[in-house]
Amino acid sequence: MAARSKARKRALEILYEAEVRGDAPAEVLDRRIRESEHRLAEQDFMERLVEGVAERRERIDELITTYAVGWTLDRMPIVDRNILRLGAYELLWRDDVPDGVAVSEAVALATELSTDESPKFVNGLLSRLLELKPSLSL
């Protein structure tokens, strides 16, 4: 698995844990860093992802809510919600990540970690955001 793919998976784990525990993502991130015996190669990228999603979560959730046809944010599985947050952040705010990579990496996480229906849902919603990206007010 490529370093950035590992970083995305670790970022997702942190976002998921934070939501389940009701902790701030920064607290979980700090705890994970303190507990780690050595610095991981992909740690800087992982930290930027977690911090970026946390910083823009309100706007990200607003976009997901607006464009997730037939689904409320609360009805989505926690893992799907956080995959979408991560994918939307990379797609809309990370210029160093190609759009196609942001979508395909999110779909890969959904394929590995969620339900059979999740990859299609994640792909559809992120593709819609990609389509609207030039007109979205960020």
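Two residues are in contact here when heavy atoms lie within 4.5 Å. On that basis, in this predicted model, residues 24 or more positions apart account for 68% of those contacts in the protein chain that have a separation of 6 or more.

The chain that makes these contacts contains six helices and zero strands, so that its pattern, followed along the sequence, reads α-α-α-α-α-α. Its C-alpha trace extends over about 45 × 30 × 30 Å along the principal axes. For 138 residues, a compact globule would be expected to have a radius of gyration near 14 Å, and because the protein chain has 14 Å, the two agree. Of the 138 residues, 43% are buried.

One helix pair can be followed in detail. Two packed helices are described by the angle between their axes and by the distance between the axes. Helix α5, residues 99–113, packs against helix α6, residues 118–132, at an angle of about 160°, and their axes are 8 Å apart. Because angles over 145 degrees count as roughly antiparallel, α5 and α6 are therefore described as roughly antiparallel to each other. The crossing in which α5 passes α6 is right-handed.

On the α5 side, the contact is made by Asp-99, Val-103, Ala-106, Val-107, Ala-110 and Thr-111, while α6 contributes Ser-118, Pro-119, Val-122, Asn-123, Leu-126, Ser-127 and Leu-130. Sorted by character, the residues of this contact between α5 and α6 comprise eight nonpolar, four polar and one charged.

Methods: Residues numbered from 1 in each chain as written. Predicted model: local features only at pLDDT ≥ 70, side-chain atom pairs only at ≥ 80, totals over all residues. Heavy atoms only, no water. Axes fitted to C-alpha atoms, helices over the stretch in contact; angles between N-to-C directions. Helix = DSSP H or I, 4+ residues; strand = E, 2+ residues; numbered from the N terminus. Parallel < 35°, antiparallel > 145°, perpendicular 65-115°, else oblique. Left-handed = near helix turned anticlockwise from the far one by under 90°. Nonpolar A, V, L, I, M, F, W, Y, C, P; charged D, E, K, R; others polar. Rg over C-alpha atoms; globule rule 2.2 N^0.38 Å. Buried < 20%, exposed > 50% of the residue type's maximum accessible area, 1.4 Å probe, protein only.
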